[in-house]
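Trainee: I am new to this structure and would like a close look at a single part of it. Could you take one charged pair and then lead me on from there to its wider setting?

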Amino acid sequence: MTKPSLPDLLHAAVSAVGGTERPGQVAMAEAVAEAIDDNSHRLIQAGTGTGKSLGYLVPALAHGERVVVATATLALQRQLVERDLPRTVEALHPQLRRRPQFAMLKGRSNYLCLHRLHEGAPQDEEEGLFDQFEAATPTSKLGQDLLRLRDWADETETGDRDDLTPGVSDKAWSQISVSSRECLGATKCAYGAECFAEAARERAKLADVVVTNHALLAIDAIEGAPVLPQHEVLIVDEAHELVSRVTGVATGELTPGQVNRAVKRSAKLVDEKIADALQTASETFERVMELALPGRLEEIPEDLGYALMSLRDASRNVISAIGATRDKSVHDEDAVRKQALAAVENIHSVAERITNGSEYDVVWYERHDRFGATLRVAPLSVSGLLREKLFEDRSVVLTSATLKIGGDFNGVAASLGLSPEGVEGDDVPLWKGLDVGSPFDYPKQGILYVAKHLATPGREGTRGDMTDELAELIEAAGGRTLGLFSSMRGAKAAAEELRGRLDNPILLQGEETLGELIKNFAADPKTCLFGTLSLWQGVDVPGPSCQLVIMDRIPFPRPDDPLMSARQKSVEEHGGNGFMAVAATHAALLMAQGAGRLVRASGDRGVVAVLDPRLATARYGSFLRATLPDFWYTNDRNQVRRSLAAIDAAAQADGK
């Protein structure tokens with residue numbers, strides 16, 4: 001039987017999802033197929049509208065070996081599993097003569113735990129577990145969430161948190177879920193045979209395509225124990241997010257509250273002397289943390305060092321003792337023991353990591369008005385980890401609408417532990433970059449306007465001229481504005497000021513769930529939506545409701561961000577340009593993502609307005625602009641107002 005050709009398969013898949021075949025999509029599919037055949041690696045930039053999901057799914061399904069697809073956002077995971085994969089599999093079935101299986105796999109804490117649900121959650125004040133449903137007040141929000149979860153548990157087939165709509169708070173979910181460390185294991189658990197997390201893992205073992213998230217991919221790489229099934233091909237979508245997700249998984253933290261909970265959970269399971277030692281270490285740590293000031297700790301202060309060594313030693317003794325004792329008076333002893341062990345092991349691992357002190361780690365204090373101080377430790381870089389763990393024994397394709405920073409792939413490649421393109425050497429994974437472009441005509445569809453006449457934004461304080469400019473642009477556009485701010489404080493200040501000045505409704509992130517805000521923004525063209533980080537990447541509103549995207553300033557990391565500043569300093573110590581490698585690259589990625597909110601379909605028209613003159617005047621401005629879509633560029637404020645008014649008038653004439 002002749003093997004079906006890739007163009008024929010792609011054509012069938014595109015027709016099945018009601019799409020249009022794009023040259024960029026064809027080029028992408030060919031590059032993915034070539035990488036899989038050669039067992040090599042690709043970085044592929046595929047602009048919005050390329051149809052990149054099918055660009056990698058079709059060659060992956062045609063290959064026939066198991067493929068893992070890791071994405072950053074829940075929205076894309078859902079799109080793949082609920083829409084793209086079912087239709088693609090059906091469309092390819094007649095030509096492939098087989099029907100590939102697919103499954104979703106996430107970390108254990110994303111699934112409802114039947115043991116937790118039926119036997120109870122840990123009670124910190126007393127020994128054993130308690131019935132969280134009886135303890136919850138039905139009139140409280142937590143109580144209502146828990147009762148709804150109990151009803152949902154009887155009807156859900158997956159137990160996946162993301163299948164519960166509307167969702168529940170993290171606090172409610174934590175009452176009926178466990179981490180992998182807390183899990184008893186299927187063989188020891190009375191509910192092991194019905195376990196949702198185990199069922200998901202079994203489905204993944206049988207699937208040809210496993211859809212997961214960056215966090216689970218990171219856990220698979222870091223923990224050493226395989227979480228994902230064996231696979232020949234790894235496709236990382238939204239790959240611009242991978243480094244920050246891996247860093248998040250590799251970050252440890254300690255708080256006095258967390259240590260205190262571990263003390264209470266373990267106290268009844270070990271003898272008094274061992275429990276008292278952990279209690280004393282906890283109190284010492286709490287006293288140190290009361291005086292903690294935010295910022296990086298280049299050296300560990302003596303009092304903190306002593307507190308951490310005490311915690312490390314006391315928790316090690318508790319871990320040994322918990323494993324050696326049994327107490328039949330404790331209800332559901334195995335579960336109580338496992339919960340306590342998980343809490344104490346986390347304290348031990350973080351305390352030991354900071355005490356050992358690695359030049360590759362960054363340690364800092366954070367302080368929160370409500371929750372007090374937190375001690376954090378994160379890797380200075382994850383590039384070595386990714387080079388070692390990601391690119392071995394499989395073909396890897398990394399794709400995103402934003403992988404070329406300042407005009408080439410080498411910046412992103414370096415963050416992934418790769419050498420510049422084409423450089424060969426021992427233990428250096430070879431890769432190729434490909435930019436398949438975008439089907440959109442950016443110079444005709446969009447304008448990049450930089451408000452060169454405004455004052456350079458300072459670190460703090462209001463920007464009256466910026467707010468005036470913002471108001472004038474929104475009025476010219478007739479609303480239709482997505483406001484992307486570099487801080488929540490800036491978004492709130494602008495929303496409060498403009499609600500008093502404009503007739504247009506202004507929605508503000510945090511005042512409603514993100515999904516609800518985006519829905520309301522899309523429904524009414526006169527409405528504006530203001531917010532911060534998640535809006536820079538998470539908004540997909542094609543059509544006339546989003547014809548003006550405003551960035552209040554270049555989103556450099558805060559100068560006092562301990563991890564970013566440590567990374568910048570490290571680059572400089574090795575002879576590089578720390579500002580360009582870290583701060584400018586961070587800003588360029590975010591700006592490219594933010595600007596990508598404007599043109600989501602071939603009929604979209606509009607303006608990206610950057611209210612920060614440095615994009616036009618600073619030396620690094622051209623580097624940042626090279627990362628943005630190729631919009632028509634201007635500093636002429638009157639021209640932009642006329643263009644916005646014309647776009648608004650055209651939309652109104654179309655009745656939109």
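Trainee: Which side chain meets that of K519 in a salt bridge, and what is the separation from N to O?

Mentor: Before the pair itself, please keep in mind that this is a predicted model, in which local features need pLDDT of at least 70 and side-chain atom pairs count only at pLDDT 80 or more, while totals for chains, interfaces and linings use all residues. Residues are numbered from 1 along each chain as its sequence is written, and side-chain values use heavy atoms, with hydrogens and water left out.

The partner of K519 is E516, and the separation in this salt bridge is 3.7 Å from N to O; the term stands for a side-chain nitrogen of Lys or Arg within 4 Å of a carboxyl oxygen of Asp or Glu. Both residues belong to helix α21 (residues 514-523), where they sit three residues apart, about one turn of the helix; helices (H or I, at least four residues) and strands (E, at least two) are DSSP runs numbered from the N terminus. An α-helix has 3.6 residues a turn, so residues three or four places apart point the same way. E516 counts as partly exposed because its relative accessible area is 30%, given that buried means under 20%, exposed over 50% and partly exposed in between (1.4 Å probe, protein chains only).

By the rule just given, the count comes to 36 salt bridges, and a few others help to place the first one. R501 pairs with E497, their closest N and O atoms being 3.1 Å apart. R501 is partly exposed because its relative accessible area is 39%, and E497 is likewise partly exposed, at 36%. Elsewhere, E469, E472, R637 and R641 are linked in a network of salt bridges.

A further bridge brings together the side chains of R600 and D540, at 2.9 Å from N to O. R600 lies in the loop between α24 (578-595) and β19 (606-610), and D540 in the loop between α22 (533-538) and β18 (548-551), so this pair ties together parts that are 60 residues apart in sequence. R600 is buried, with a relative accessible area of 19%, whereas D540 is partly exposed, at 48%.

Helix α22 also holds Q537, which counts as partly exposed because its relative accessibility is 26%. The C-alpha atoms of Q537 and G596 are separated by 8.2 Å, although the two residues are 59 places apart along the chain. Leaving aside residues up to four places away in sequence, Q537 touches H240, E241, L590, Q593 and R597, where contact means heavy atoms within 4.5 Å.

From the contacts of Q537 with H240 and E241, we can turn to E238, which is found in the loop between β7 (233-236) and α11 (242-249). The phi angle of E238 is near 50°, a positive value in a residue other than glycine, and E238 is buried because its relative accessibility is 13%.

R480 has a positive phi as well, near 50°, and R480 too is a residue other than glycine. R480 has its place in the loop between α19 (464-477) and β15 (481-484), and with a relative accessible area of 3% it counts as buried. One of the residues in touch with R480 is D648, whose other contacts, not counting residues up to four places away in sequence, are A476, A477, G478 and Q547. D648 itself lies in helix α27 (residues 637-653), and D648 is buried, its relative accessible area being 10%.

Two features at lower residue numbers may be looked at last. The peptide bond from T165 to P166 is cis, with omega near -10°, and P166 is found in the loop between α7 (141-155) and α8 (170-174). In helix α9 (residues 196-206), the buried residues are F196, A197, E198, A200 and A204, and the buried residues of this helix pack against β3 (102-104), α5 (114-119) and β6 (209-213).

To return to your starting point, K519 and E516 form a pair within helix α21, while R600 and D540 lie in two separate loops, so their bridge ties together parts of the chain that are 60 residues apart in sequence.
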